[in-house]
Amino acid sequence: MNDDSQFVIATHSPIIMAYPRSCIYEVNNGIRRIDYRQTEHYQVAREFLNNTDKMLEILMEP
């Protein structure tokens with residue numbers, strides 16, 4: 001395997017974003033590097049897993 005390889009992947013998966021030594025860039029009024037724990041996708045997934053009933057109530061509100 002070539003240690004100089006790079007991959008560009010667009011994903012919403014916190015599992016893929018947690019890949020060791022990955023660099024995550026957020027595109028929102030510019031581009032900035034961000035830790036995966038700071039991404040909205042990680043935070044929503046964590047909140048859903050920690051508070052499933054509450055999150056389902058919010059999602060199912062009319």
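**View 1. Where the charges sit in this predicted model.** Average the places of the 6 positive charges, do the same for the 9 negative ones, and the two mean positions come out 7 Å apart. As for what the protein shows to the outside, about 6000 Å² is exposed. Carbon and sulfur atoms supply 52% of that area.

**View 2. The fold, end to end.** Here you're looking at three helices and two strands. Follow the chain along the sequence and the pattern reads α-β-β-α-α. The radius of gyration is 15 Å, well over the 11 Å that the globule rule gives for 62 residues, so the protein is more spread out than a compact globule. Along the principal axes, the C-alpha trace spans about 50 × 30 × 15 Å.

**View 3. Burial and sequence-distant contacts.** Just 13% of the 62 residues count as buried. Take the contacts with a separation of 6 or more: 16% of them come from residues 24 or more positions apart.

**View 4. The largest nonpolar core.** Five residues make up this one: M17, I24, I34, Y36 and Y42. Two of the names on that list are tyrosines, Y36 and Y42. Being core members, the five count as buried, which means under 20% relative accessible area for each.

**View 5. Zooming in on Y42.** Which residues does Y42 touch once its neighbours within four places in sequence are left aside? The partners are P14, Y36 and R37. Y36 turns up here again, having already appeared beside Y42 in the list for the largest nonpolar core.

Methods
Residues numbered from 1 in each chain as written. Predicted model: local features only at pLDDT ≥ 70, side-chain atom pairs only at ≥ 80, totals over all residues. Heavy atoms only, no water. Helix = DSSP H or I, 4+ residues; strand = E, 2+ residues; numbered from the N terminus. Rg over C-alpha atoms; globule rule 2.2 N^0.38 Å. Buried < 20%, exposed > 50% of the residue type's maximum accessible area, 1.4 Å probe, protein only. Contact = heavy atoms within 4.5 Å. Areas by Shrake-Rupley, 256 points an atom, 1.4 Å probe, with all protein chains shown as cover. Lys, Arg positive; Asp, Glu negative; His and termini not counted. Charge placed at Lys NZ, Arg CZ, Asp CG, Glu CD. Core = buried A, V, L, I, M, F, W, Y, C linked by side-chain atoms within 4.5 Å.
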